[in-house]
Amino acid sequence: MRYFLEMPLLLFQRFYRKLWLRVTFYALASLIAAGLGSIADIYLTETLGGIIKPSAVMPVLTILASSMLAVSTFSLNVMVSAHRAAATAATPRVHRLLLEDTTTQAVLATFVGAFVFALASIVLFQAGVYRDSAAIVVMGVTVGVVVLVIVAILRWIEHLSTLGSLDDSLREVVKITDRGLQRFARRPAFGAVPMTSDTIIPSVVQAVPARESGYVQLLDVGGLQDCLDSSGAVYVMRRPGKHVLKGQPLAYVSGEVSDEAIDQLARKFIIGDRRSFEQDPIFGLHVMSEIASKALSPGVNDAGTAIETIAGLEELLWAYANAKKPDAVAFAQVFLNVPEEDALFEAAFAAMARDGAGQIEVAIKLRKALQGLARVEDADCAKAARKSAQLALDYAEGALPLQTEKEHLKRIEV
């Protein structure tokens with residue numbers, strides 16, 4: 001059952017992390033809360049309804065509406081500035097990840113929701129929808145809204161201490177890359193049959209053309225099998241992370257397949273204009289490598305960030321190598337290419353081996369990290385680590401100026 005729920009959950013999570021959705025939900029909840037006054041007023045006794053007058057509530061609502069509008073605008077400016085700073089300090093790819101920050105979304109949604117509630121309540125009072133006796137209900141809800149705003153401001157102050165910083169950006173990339181690598185370790189083919197050199201594609205197949213150009217972001221393997229009859233099979237040529245042009249084949253399908261079925265198969269590939277992290281762990285490794293390469297650029301010259309990134313990549317790939325326990329095949333009619341470990345290590349370390357070759361502290365840290373990864377039990381990961389280590393040494397031998405530094409690197413056996 002979990003295989004069939006995976007794609008709906010991925011799509012739900014992608015939709016749930018949209019900023020506008022959370023803000024819209026809070027705004028609608030605020031409108032509902034504002035409407036409670038007229039409904040609850042029916043059940044209030046005359047004595048209870050006269051405790052608080054509208055003149056006591058209106059100033060509070062006015063202050064709340066005006067202040068929350070200013071705070072919301074200011075917070076949006078802070079968020080945009082922080083994201084630009086993160087994109088400049090780390091890599092532009094981080095910006096898309098920070099947009100999904102739930103803390104920022106919840107804080108902004110609270111501010112906007114408080115503004116909508118206060119404004120709606122003022123309009124309802126001025127329009128005569130609220131009777132005077134409803135003031136006590138509105139005041140009660142207003143107190144609750146003020147408490148939520150105070151909590152949101154405290155969260156926002158705490159969050160601003162790290163928002164947009166290089167450390168926070170790197171931490172978020174590590175977190176989402178780790179999730180992707182762990183999923184990849186357990187299900188490298190998403191439940192399909194891994195395609196190998198022994199896989200024979202029938203001579204008579206039909207191509208499944210891409211409906212648009214872009215990157216394959218998500219792949220519904222279970223949905224592919226649902227489009228086939230019992231005798232058909234689909235051979236996926238482009239897994240998530242691969243770029244495709246409109247009309248190019250995404251996959252090949254064997255057996256009797258109608259044009260409608262071909263179109264349905266093509267719809268199981270979610271294509272966008274940018275790569276995403278959900279089913280593409282290599283992208284996360286690329287982003288981390290970009291952060292390190294930017295830190296090593298002459299204009300930045302920050303070897304410490306590169307060393308921290310190497311340590312993070314070492315931890316991620318160590319955890320991945322020790323978690324490799326592929327699941328059994330769940331969709332026997334779907335065949336899918338699985339990236340080799342060389343692709344993971346190349347995405348993680350190749351750029352740093354080139355850009356950090358001239359800095360001895362970076363080159364030594366990279367060599368030692370690969371030395372540790374070469375000792376993992378998984379033979380494929382160990383082999384890929386040794387290959388990357390040799391690449392790093394080759395770069396260092398061509399870039400490090402001092403013979404003593406070259407010999408120092410050589411002594412770090414892998």
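A cavity is a set of grid points where a 1.4 Å probe fits but cannot get out. Keep that in mind as you work through these exercises on a predicted model.

**Exercise 1. Enclosed space**

Task: Find how many cavities of 30 Å³ or more the whole structure holds, and work out which residues and elements line the second largest cavity.

Solution:
- Step 1. Searching the whole structure turns up two cavities of 30 Å³ or more.
- Step 2. Take the second largest cavity, with its volume of about 30 Å³. Its lining consists of Met-352, Ala-353, Gly-356, Ala-357, Ala-363, Leu-366, Ala-392 and Ala-396.
- Step 3. Place these residues on the fold: helix H13 (341-355), helix H14 (360-373) and helix H15 (379-399) each give two or more residues to this lining.
- Step 4. Sort the lining by character, and you get seven nonpolar residues, one polar and no charged.

**Exercise 2. Two open pockets**

Task: Describe the largest pocket and the second largest pocket by volume, lining and chemical character.

Solution:
- Step 1. Start with the largest pocket, which has a volume of about 870 Å³. It is lined by 29 residues, and those closest to its centre are Arg-17, Arg-96, Leu-97, Glu-100 and Ile-176.
- Step 2. Ask which elements build this lining: helix H1 (2-16), helix H5 (93-98) and helix H8 (166-186) each supply two or more residues. H8 has the largest share, with seven residues.
- Step 3. Now classify the lining of the largest pocket: 15 residues are charged, eight nonpolar and six polar.
- Step 4. Move on to the second largest pocket, where the space comes to about 380 Å³. Of its 23 lining residues, Pro-188, Ala-189, Pro-194, Val-338 and Pro-339 lie nearest the centre.
- Step 5. For the second largest pocket, the elements giving two or more residues are H8 and strand E1 (192-195). Its lining divides into 13 nonpolar, seven charged and three polar residues.

**Exercise 3. Helix pairs**

Task: Decide whether H8 and helix H12 are roughly parallel or roughly antiparallel, then do likewise for H13 and H14.

Solution:
- Step 1. The axes of H8 and H12 (residues 303-323) come within 9 Å and cross at roughly 20°.
- Step 2. Angles under 35 degrees count as roughly parallel, and H8 and H12 are therefore roughly parallel to each other. Their crossing is right-handed.
- Step 3. Turn to H13 and H14, whose axes lie 11 Å apart at an angle of about 155°.
- Step 4. The cut-off for roughly antiparallel is over 145 degrees, so H13 and H14 are roughly antiparallel to each other. The crossing of H13 and H14 is left-handed.

**Exercise 4. A three-stranded sheet**

Task: Give the strand order of the open sheet and explain why E5 and E7 each have one side without a neighbour in the sheet.

Solution:
- Step 1. Recall that strands of a sheet pair through backbone hydrogen bonds, either parallel or antiparallel.
- Step 2. Here the three strands run in the order E5-E3-E7, with antiparallel pairing.
- Step 3. Strands E5 (243-244) and E7 (269-272) stand at the edges with a single partner strand each, so one side of each is left without a neighbour in the sheet.
- Step 4. Look at one pairing in detail: E3 (residues 214-219) and E5 are joined in the antiparallel sense over two bridges. In one of them, Gly-214 has Val-244 of E5 as its bridge partner.

Terms used
Residues are numbered from 1 along each chain as its sequence is written. This is a predicted model: local features need pLDDT of at least 70, side-chain atom pairs count only at pLDDT 80 or more; totals for chains, interfaces and linings use all residues. Side-chain values use heavy atoms; hydrogens and water are left out. Two strands pair if DSSP finds at least two bridges between them. Helices (H or I, at least four residues) and strands (E, at least two) are DSSP runs, numbered from the N terminus. On a 1 Å grid over the protein atoms alone, a cavity is a set of points where a 1.4 Å probe fits but cannot get out, and a pocket is an open set with protein on both sides within 12 Å along at least five of seven lines; lining residues have an atom within 4 Å of a point. Grid points are joined across faces, edges and corners, and a volume is the space filled by probe spheres set on the points. Ala, Val, Leu, Ile, Met, Phe, Trp, Tyr, Cys and Pro count as nonpolar, Asp, Glu, Lys and Arg as charged, and the others, Gly among them, as polar. Axes are lines fitted to C-alpha atoms, for helices over the stretch in contact, and angles run from 0 to 180 degrees between N-to-C directions. Angles under 35 degrees count as roughly parallel, over 145 as roughly antiparallel, 65 to 115 as roughly perpendicular and the rest as oblique. A crossing is left-handed if the near helix is turned anticlockwise from the far one by less than a right angle, and right-handed if clockwise.
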